[in-house]
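Biologist: I'd like to learn how to read contacts and hollows in a model like this one. Can we walk through it together?

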Amino acid sequence: MSTPTHSPISNSRRGVIHTWSRTLIPTTKDAPGDAESPSHRLLARAGYIRRLTAGVYDYLPLATRVLRKISDIIREEMDSAGGSELLMPILIPMELFAETGRAEAYGPLLFQMDDRHGRRTALGPTQEEVVTELMRGTVSSYKSLPTTLYQIHTKFRDEFRPRAGLLRCREFIMKDAYSFHMNVEGKGGLNDAYDAMYKGYVNIFTRCGLDFSVVEAESGPIGGSASHEFMVNCESGEDTILKCPVSGYAANAEKCEIGERGAPSKGYFGGEASGALEEVHTPGCPGIEDVCKFMKVKASNMLKTVVFQSEDGASWVVAVVRGDHDVNEGKVRDAAGFKVKLADAAQARAKGFEIGFVSPRAAAGKAGVRLLVDKDAAVSFDDAKGKPMFWVTGADKKDHHLKHFNWGRDAAEAVPVATVTDVRNAMAGDPSPRAKGAALVAQRGIEVGHIFKLGTKYSDAMGFAIMDETQQRKSVIMGCYGIGVSRTMAACVEMSHDDDGIRWPLPIAPYHVIITPMKVEPESRAMQAACELSGALAAAGFDVLIDDRDERPGVKFKDADLIGIPIRLTLGDKSLAEDSVEFKLRSAPAGTGGFVKIAEVVRKCLEAAR
RNA sequence: CGGGGUGUAGCGCAGUUUGGUAGCGCGUCUCGUUCGGGACGAGAAGGUCGUAGGUUCAAAUCCUAUCACCCCGACCA
């Protein structure tokens, strides 16, 4: 499929002309005291958003224009990826969630209320149940599939702690899409739709002018690389992603694989002890940090032992990583072969695990307990230093730790039952899983899109199965694909701003051009020129804002920079005397505008818009 | 949910320790002077001090309760 060139400017669409004094753009010098992140501060100061209550915002006219531009790009790409737009209710009866068990999965994150009849109702956090309910009532033949449906709508999540303005809200705008298939592979299968969505997402964020990364995320139920996150690259982002500079591999820190780490010279667990085993009294030090401080050892010399349980509590998994590493629950789950949760402290004690002071030895000799040891923890000889590894670990009794722990000598019963594998989070500097010799680098990002292969999770739970061409009844296979629209707007500001204000990429700027006449009397030369120019620009497809306020120039310039319109045309006596206007890009430093003949302005703007 | 903090004019804040008739800056309105990077002067409007009780001759200030909001952490398709 050939991708048409998407110029943000098109003369098939007439632009709008708005005047500042007739719209609502309440800029302020001071941001609300509670606004800390740049996007929150600037969107508030520039008159885009106002908070109504925790995590709930008004989108004022400027914000609404940006949201619409993002939404329009999304619509075009969704439509060309084969999606059909629809609108589903926000009010969802709780019975639907009971079918899938998502009420429990969501927990208090799900907004709930009772209507006047006492019917329990939820405010939709996403609409998997609703769309599945819709489809199961309307589609009964394989001939109707595949289908992809999407909507752009308000979503609700009762976040414990909404924060950072639009980045984590309780009420937000999201594009959610759902695809339905009879098969995973082949024509019309889930993989095709997923790939089309992947490409569509790349197009969307590219067209929005965002600097973004696509990363592998926690796998869906089908396995493989069944989930991708789209992250705006930005230092202030909440999420850490790891990238291989050679292969281009990128993944969420929670998901990231670690490449070949090189076997220790004396083999796993092999090597002599660093000294005689010694028990140390460590009062009030259950955490790694406390012990390190108390015993004056580095975290990288600690063995961290974390106890997990299966969901039903019957099976146990003990994971051991180096003290400066973090256990990765997903990797533990994959290695164990069943879903795990952090062990209940009381149950763990009853099983003989002295939580806070557990050593790897505790995993031996207990029924139904598996021992997983991370590769970096399963060594007894320190190849880097060329001497025995000095380990400190728990002593399996309260307030005590062990010095000079040695796997072969002190955990002889545990070693034979241990599985050496990768059970920790990847970190910057770890070997890349896709390119030999390359090291992973860390980067921060803001998640703005996430695509999933759902499989039959919802269709199974809700009994959505239809006849295929071989007259077999089969559960419908689904994919789901989300974009945080309001979050994308905020993420863009996080990514693109300076001390003076927002710097919108042209495709999603609320207006492309701001005209700043120095005199605003209707009969003034400046206003006359502003009217003529705005007409010509609008005819060429530009959205134009005329700052017709009777303010001093400094105020207008500051506000223009603050709200971030990409092109500014300043109409003053000096330039008008030469039949010119001053042309300045928001991205250029202050005071660097140049004169452009009025007759040339449209051409110049078109040039800048490319 | 753990820890910390804040509610006083549209916005930003002082005043609370030591109770005594509610203040500053920005913004708004009027008049005048200004007019290319957040001007100046004069005047004006605007607050049941989050809410409810209590103590007191007197409460923004002290006591009790309650509500709201924010930050850090945990959690998070």
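Modeller: Sure. Keep in mind that this is a predicted model. Let's start with the RNA: a polar side-chain atom of Arg552 sits 2.7 Å from a base oxygen of RNA strand B.

Biologist: How do I read a distance like that, and which part of RNA strand B does Arg161 approach with a polar side-chain atom?

Modeller: The idea is to look for pairs of N or O atoms within 3.5 Å. For Arg161, the partner is a phosphate oxygen of RNA strand B, at 2.6 Å. Arg163 reaches a base nitrogen of RNA strand B instead, with a polar side-chain atom 3.1 Å away.

Biologist: Next, how do I see who surrounds the RNA? Which residues come nearest to RNA strand B?

Modeller: Here you count a residue if one of its heavy atoms lies within 4 Å of the strand. That gives 39 residues around RNA strand B, and the nearest are Arg157, Arg161, Phe452, Asp561 and Glu582. By class, this surface has 16 nonpolar, 7 polar and 16 charged residues.

Biologist: What about the RNA's side of things: what share of its atoms within 4 Å of the protein belong to sugar or phosphate?

Modeller: That share is 42%, and the rest of those atoms belong to bases.

Biologist: Which element supplies the largest share of the surface near RNA strand B?

Modeller: H14 does, with 8 residues. Strands E2 (49-53), E9 (171-181), E24 (441-455) and E32 (567-571) also supply at least two residues each.

Biologist: Now the hollows. How many cavities of 30 Å³ or more turn up in the whole structure?

Modeller: A cavity is a space where a probe fits but cannot get out. The search finds 1, with a volume of about 30 Å³. Its lining is Ile514, Ala560, Asp561, Ile565, Arg568, Lys584, Leu585 and Arg586. Helix H14 (553-563) and strand E33 (580-585) each give at least two of the lining residues. Sorted by class, that lining has 4 nonpolar, 4 charged and no polar residues.

Biologist: And pockets? How much space lies in the second largest one?

Modeller: A pocket, unlike a cavity, is an open set of points. The second largest pocket holds about 550 Å³ of space. It is lined by 17 residues, and Pro8, Arg13, Lys69, Asp72 and Glu76 are the closest to its centre. Helix H2 (residues 61-80) contributes the largest share of that lining, 7 residues. By class, the lining of this pocket has 4 nonpolar, 6 polar and 7 charged residues.

Technical notes
Residues are numbered from 1 along each chain as its sequence is written. Chains are lettered from A and ligands numbered from 1 in the order in which they are written. This is a predicted model: local features need pLDDT of at least 70, side-chain atom pairs count only at pLDDT 80 or more; totals for chains, interfaces and linings use all residues. Side-chain values use heavy atoms; hydrogens and water are left out. On a 1 Å grid over the protein atoms alone, a cavity is a set of points where a 1.4 Å probe fits but cannot get out, and a pocket is an open set with protein on both sides within 12 Å along at least five of seven lines; lining residues have an atom within 4 Å of a point. Grid points are joined across faces, edges and corners, and a volume is the space filled by probe spheres set on the points. Helices (H or I, at least four residues) and strands (E, at least two) are DSSP runs, numbered from the N terminus. Ala, Val, Leu, Ile, Met, Phe, Trp, Tyr, Cys and Pro count as nonpolar, Asp, Glu, Lys and Arg as charged, and the others, Gly among them, as polar. A polar contact is a pair of N or O atoms within 3.5 Å; within protein, one must be able to donate a hydrogen and the other to accept it, and residues adjacent in sequence count only if both atoms are side-chain atoms.
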